[in-house]
Amino acid sequence: MSGRRSRQSGGGSRISDDQIIDLVSKLQQLIPEIRSRRSEKVSASKVLQETCNYIRNLHREVDDLSERLSQLLATIDTDSPEAAIIRSLIM
Amino acid sequence: MGGEEDDDDEDEEDALVGVVISRMPPPSSIKKEFLKKWLVGLKALSNSRSSSTSKKEMSVLERKKAIKLSADVAMASLKNGTTSWSRALIQNASKDGNNRTLLKSMLGSEYDKKLRIGSTTTSIMCSKGIRNTTVLRRSCGLRRARKISKDQRVRAGLMAKRLVKKRTQVLRSLVPGGEYMDEYSLFEETLDYIMSLRAQVDVMRRLANASAFSSKS
């Protein structure tokens, strides 16, 4: 482990406050809930909460889309050209 | 698998990519790469089951799980092992023996190599669990203009600390491999993970819309 210069081997002491502030502001910009209110001060716990909610929503979307695709691909219309392509690739 | 069949597959694949990306703003190359990898996974899965059974015998639930797994693994593999969450995701997927065929077909010869890299990094990271939430709280700029008593300040600070700690734990459970990361890495990985999830959802939605378009309502 000696000689490794990656951030992760710094043991916490080399991570500056500025870097964490930078990360948090990036997170803020990314989350739709908070982004529009950037001028206001948003608390750390709020950022974390919205981040978690956002990830959970994305997970749910993946799940719903997988469900939807599973049903669609089972009942696809055999006449359209797109269907033929999709079916030959996936079925 | 003769040469002719491969050419046909490529043409059809390009056509499908064209169908999926049409009608909406052009997607990034990452999304295109994701779609191609995802299709590899979907094809491999249906092939393994189609020997004697027809496609209809695979239940909707089974197909859904296969679709979801292929999508997750496809997105993670695009990272080429450069992020913790992608390594953790693939590692977790490989723990289930049923997934072995799929993972092998999607990741190819890199499959075993990726697993070995992943386990080494994870054990190193285990010892780096840092729980310092003070900097995180301060970085969000809690600066009150009005005066409040020191007592209130202390209590508010403690509560904030507890909330941040609790929510950081939740975040760890949502990001693959999050339990082993130090706070800084966790946020970095979270950013990357969210970007990847958004791209994944976008492509999956496009495919779903294209499929819906081509089936009778």
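B:Lys68 is partly exposed in this predicted model, because its relative accessibility of 26% falls between the 20% under which a residue is called buried and the 50% over which a residue is called exposed. Its salt-bridge partner is A:Asp63, and the N to O distance between the two side chains is 2.8 Å. This pair crosses between chains, since B:Lys68 belongs to helix 3 (residues 60-77) of chain B, while A:Asp63 belongs to helix 3 of chain A. A:Asp63 is also partly exposed, with a relative accessibility of 23%. Side chains of opposite charge can pair when their charged atoms come close.

The pair does not stand alone, for salt bridges with shared partners join A:Asp63, A:Glu67, B:Lys64 and B:Lys68 into one network.

A further link between the chains is the salt bridge of B:Arg205 with A:Glu61, whose closest N and O atoms are 2.4 Å apart. Here the connection runs from helix 9 (residues 183-213) of chain B, which holds B:Arg205, to helix 3 (residues 44-74) of chain A, which holds A:Glu61. B:Arg205 has a relative accessible area of 31% and is partly exposed, and A:Glu61, at 29% relative accessibility, is likewise partly exposed.

Within chain B, B:Asp192 and B:Lys79 form a salt bridge in which the closest N and O atoms are 3.0 Å apart. Because B:Asp192 lies in helix 9 and B:Lys79 in the loop between helix 3 and helix 4 (84-95), this pair ties together parts of chain B that are 113 residues apart in sequence. Over all chains, the structure holds 9 salt bridges.

Note on methods:
Residues numbered from 1 in each chain as written. Chains lettered and ligands numbered in written order. Predicted model: local features only at pLDDT ≥ 70, side-chain atom pairs only at ≥ 80, totals over all residues. Heavy atoms only, no water. Salt bridge = Lys/Arg side-chain N within 4 Å of Asp/Glu carboxyl O. Helix = DSSP H or I, 4+ residues; strand = E, 2+ residues; numbered from the N terminus. Buried < 20%, exposed > 50% of the residue type's maximum accessible area, 1.4 Å probe, protein only.
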